[in-house]
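Work through these exercises with the sequence and the model open. Try each task before reading its solution.

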Amino acid sequence: MNDDFRTPTRRRLLGLAAAMALTATPLVAFNSPAQAQATDAAQRIADHFSSVRSMSGEFVQFGPRGEQTGGKFFLERPGKIRFNYEAPSNFKVISDGKSVVILNSKMRTSDLYPLSKTPLKLLLDERIDLSGNKVKSVTEEDDLTTIKLSDKQVFGNSTITMMFDPKTYELRQWTITDAQGKDTTVMVFNVKQGGSFAADTFKIDYKLNRELNNKKKND
């Protein structure tokens, strides 16, 4: 699999700011007297996002070098998400709650990873709990609340940074930063909350995955 932006790799798995680095210093340090207030405000936003059981909409993805593509996404909590990339890439990235597959129908490749080993799990959890040591920082501004999470024991030095509207509590975008410090960001828009999806929306074809990978080994 080549390293073209339209070819999602594990490093940028579903890192769905271009040059805009999300490395702001927290406005409220966790060892300050204001810690509880900042954590409470951020937890209210996280709880609201967690309460949305399903959503769909469009996305634009920016890669580490500013590359851009887009498409449509579907999310169902817990653990399920699907990205249908627009032409010419026509990739599909699907999580069924247990695994994540990156499917390239043109190149006939199918790469499978455990959801639990990716930062995406933190976005799709049943509840985003900010009380533990997964929280790296919380930045609160008038028009944006930024929450940065990591789980070093599970996926090393990778992190996920989620940005919310502090008034509506709506998710605006998220950035996955890999162990090399490279960012891939997904900005979502035209989002519709709620609704149900077809039964096969989040289905992974494990048989096809095995067939394609066996063929690749034999080539």
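Buried means under 20% relative accessible area, exposed over 50%, and partly exposed in between (1.4 Å probe, protein chains only). The model is predicted: local features need pLDDT of at least 70, side-chain atom pairs count only at pLDDT 80 or more, and totals for chains, interfaces and linings use all residues. Residues are numbered from 1 along each chain as its sequence is written, and side-chain values use heavy atoms, with hydrogens and water left out.

**Exercise 1. Backbone exceptions**

Task: Find where arginine 108 lies, then state its phi and its exposure.

Solution. Step 1: go to the loop between S5 and S6; arginine 108 lies there. Helices (H or I, at least four residues) and strands (E, at least two) are DSSP runs, numbered from the N terminus. Step 2: read phi. For arginine 108 phi is near 55 degrees, a positive value in a residue other than glycine. Most residues other than glycine have a negative phi, and most peptide bonds are trans. Step 3: apply the cut-off. Arginine 108 has a relative accessible area of 52%, so it is exposed.

Task: Repeat this for asparagine 190 in strand S11 (residues 183-193).

Solution. Step 1: phi of asparagine 190 is positive, about 50 degrees, although the residue is not a glycine. Step 2: its relative accessibility is 57%, so asparagine 190 counts as exposed.

Task: Locate the cis peptide bonds before proline 78 and proline 88.

Solution. Step 1: arginine 77 and proline 78 are joined by a cis bond with omega about 0 degrees. Proline 78 sits in the loop between S2 and strand S3 (80-85). Step 2: alanine 87 and proline 88 are also joined by a cis bond, here with omega about 10 degrees. Proline 88 belongs to the loop between S3 and strand S4 (92-96).

**Exercise 2. Helix H4**

Task: Check the length of helix H4 (residues 206-218) and find its buried face.

Solution. Step 1: the expected span is 1.5 Å times one less than the number of residues. For the 13 residues of H4 that gives 18 Å; the end C-alpha atoms are 18 Å apart, which agrees. Step 2: list the buried residues, Asn209, Leu212 and Asn213. Down the axis of H4 they fall within an arc of 95 degrees, so they line one face. The arc is taken over directions from the helix axis to the C-beta atoms. Step 3: find the partners. The buried residues of H4 pack against strand S5 (99-104) and strand S6 (109-114), where contact means heavy atoms within 4.5 Å. Step 4: turn to the face away from the buried side. Lys207, Lys215 and Asn218 are its exposed residues.

**Exercise 3. Charged pairs**

Task: How many salt bridges are there, and what does the pair glutamate 126 and arginine 53 tie together?

Solution. Step 1: set the rule. A salt bridge is a side-chain nitrogen of Lys or Arg within 4 Å of a carboxyl oxygen of Asp or Glu. Step 2: count. The rule gives eight salt bridges. Step 3: take the pair. Glutamate 126 and arginine 53 meet at 2.5 Å, N to O. Glutamate 126 is in the loop between helix H2 (120-124) and strand S7 (135-140), and arginine 53 is in the loop between helix H1 (35-51) and S1, so the pair ties together parts 73 residues apart in sequence. Step 4: check exposure. Glutamate 126, at 45% relative accessibility, is partly exposed. Arginine 53, at 35%, is partly exposed.
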